[in-house]
Amino acid sequence: MLRVLLSGLGRRGGTRGWAFRSWRCRLPQAGLLSATELVQEWTAVFEKRGIPEARESSEYIMAHVLGAKTFQSLRPALRRQPLTPGQLQCIQELSSRRLQRVPVQYILGEWDFQGLNLKMAPPVFIPRPETESRVIAVDKGEAAVCLTRENAQRLHLQDRIQIIPLDVTLEGSWAHLLPWGPVDLIVSNPPYVFHQDMEQLAPEIRSYEDPAALDGREKGMDIIVHILALAPRLLKDSGSIFLEVDPRHPELVGSWLQGRPDLSLDLVAVRRDFCGRPRFLHIRRSGSPGGCPVGAWPGPQPARVPG
């Protein structure tokens with residue numbers, strides 16, 4: 001069965017499958033190879049093939065097969081213990097998926113985030129510690145909504161979260177949120193990638209994650225402006241919006257808000273992510289007389305991308 005898998009890789013990937021088979025032939029047989037040695041072998045293969053975070057990828061796969069969260073958490077004796085034929089085969093199958101640039105989170109089928117163990121499946125967005133918010137409530141993607149429900153049940157949070165399928169770009173979609181407003185906070189990680197930048201994304205993102213969750217169209221602002229136009233209908237006076245955005249967006253969003261004083265929204269802070277890039281916007285509803293009364297709940301005005 002393993003030979004069939006490797007032959008299939010060769011047919012789909014040309015010389016890529018041959019290179020993988022050639023490497024496999026040099027591996028020691030089961031019973032002679034330890035976890036530490038195999039991590040080193042696969043790290044070298046990943047590095048040669050240009051796989052990002054080569055050692056981390058190899059270590060996560062190894063730990064998963066051996067029943068641990070991280071390679072470092074394995075007992076030293078277990079790291080030196082020879083692997084069984086079944087373990088070798090499983091590691092090779094999972095690692096061959098990494099060679100195809102499948103993200104490690106999808107390969108493992110789960111991922112720890114903010115103390116929660118979340119089930120992961122493509123094309124649902126992968127939570128990343130440098131950017132991701134703790135709040136999940138609204139999404140238009142069926143896969144994301146279903147997986148959110150499953151994770152809520154898995155973590156026994158189903159009584160503490162309301163999951164609403166919603167496309168904020170559709171006329172009248174705001175009406176579905178009426179029973180839940182007015183609210184104190186709106187937290188969103190919207191599609192914000194500039195359309196022309198989509199092809200520059202890493203293969204792990206471009207090939208496996210949902211493009212609709214990434215592509216913000218021409219200037220990455222398509223969904224952002226819909227959220228901002230909708231926000232005054234939902235927020236309490238002095239309520240806040242927290243958005244994850246592209247580093248180029250603080251200036252664009254600030255200019256857009258200046259052109260829409262009727263929304264009574266002010267950009268009050270720009271925060272940086274762990275990499276030092278301006279990625280988080282704090283926008284507050286001023287509650288001024290010119291703003292939209294919460295009880296009025298009118299339909300959203302057409303959104304226009306600046307420039």
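User: Which residue stands opposite Ile283 in strand 8?

Analyst: Ile241 does. Keep in mind that this is a predicted model.

User: Which strand pairing covers residues 235-244 and 278-285, and how do the strands run?

Analyst: Those are strand 6 (residues 235-244) and strand 8 (residues 278-285). They run antiparallel and are joined by 5 bridges.

User: What about strand 5 and strand 6, parallel or antiparallel?

Analyst: Strand 5 and strand 6 run parallel, again with 5 bridges between them. One facing pair there is Val187 with Phe242 of strand 6.

User: And what is the bridge partner of Phe242 in strand 8?

Analyst: His282. Phe242 therefore has Val187 opposite it and His282 as its partner in strand 8.User: OK, zoom out. What is the strand order in the sheet?

Analyst: The sheet is open, has 4 strands in the order 5-6-8-7, and its pairing is mixed.

User: Which strands stand at the edges?

Analyst: Strand 5 (183-188) and strand 7 (265-272). Each has a single partner strand, so one side of each has no neighbour in the sheet. On average, neighbouring strands are turned by 15° against each other, direction ignored.

User: Which strands does helix 10 touch?

Analyst: Helix 10 packs on the sheet and touches strand 5, strand 6, strand 7 and strand 8. The direction of helix 10 makes about 160° with that of strand 6.

User: Switching to helices. At what angle do helix 10 and helix 11 pack?

Analyst: Helix 10 (residues 222-234) and helix 11 (residues 249-258) pack at about 40°, and their axes are 12 Å apart. That angle is why the two helices count as oblique to each other.

User: Is the crossing left-handed or right-handed?

Analyst: The crossing of helix 10 and helix 11 is right-handed.

User: Which residues make the contact?

Analyst: Helix 10 contributes Ile224, Val225, Leu228 and Ala229, while helix 11 contributes His249, Val253, Trp256 and Leu257. By class, that contact has 7 nonpolar residues, 1 polar residue and no charged ones.

User: How many residues of helix 11 are buried?

Analyst: 7 of the 10, so helix 11 is largely enclosed by the rest of the structure.

User: Which ones?

Analyst: The buried residues of helix 11 are His249, Pro250, Leu252, Val253, Gly254, Trp256 and Leu257.

User: What do they pack against?

Analyst: The buried residues of helix 11 pack against helix 10, strand 7 and strand 8.

Methods: Residues numbered from 1 in each chain as written. Predicted model: local features only at pLDDT ≥ 70, side-chain atom pairs only at ≥ 80, totals over all residues. Heavy atoms only, no water. Axes fitted to C-alpha atoms, helices over the stretch in contact; angles between N-to-C directions. Parallel < 35°, antiparallel > 145°, perpendicular 65-115°, else oblique. Left-handed = near helix turned anticlockwise from the far one by under 90°. Contact = heavy atoms within 4.5 Å. Nonpolar A, V, L, I, M, F, W, Y, C, P; charged D, E, K, R; others polar. Pairing = 2+ DSSP bridges. Buried < 20%, exposed > 50% of the residue type's maximum accessible area, 1.4 Å probe, protein only.
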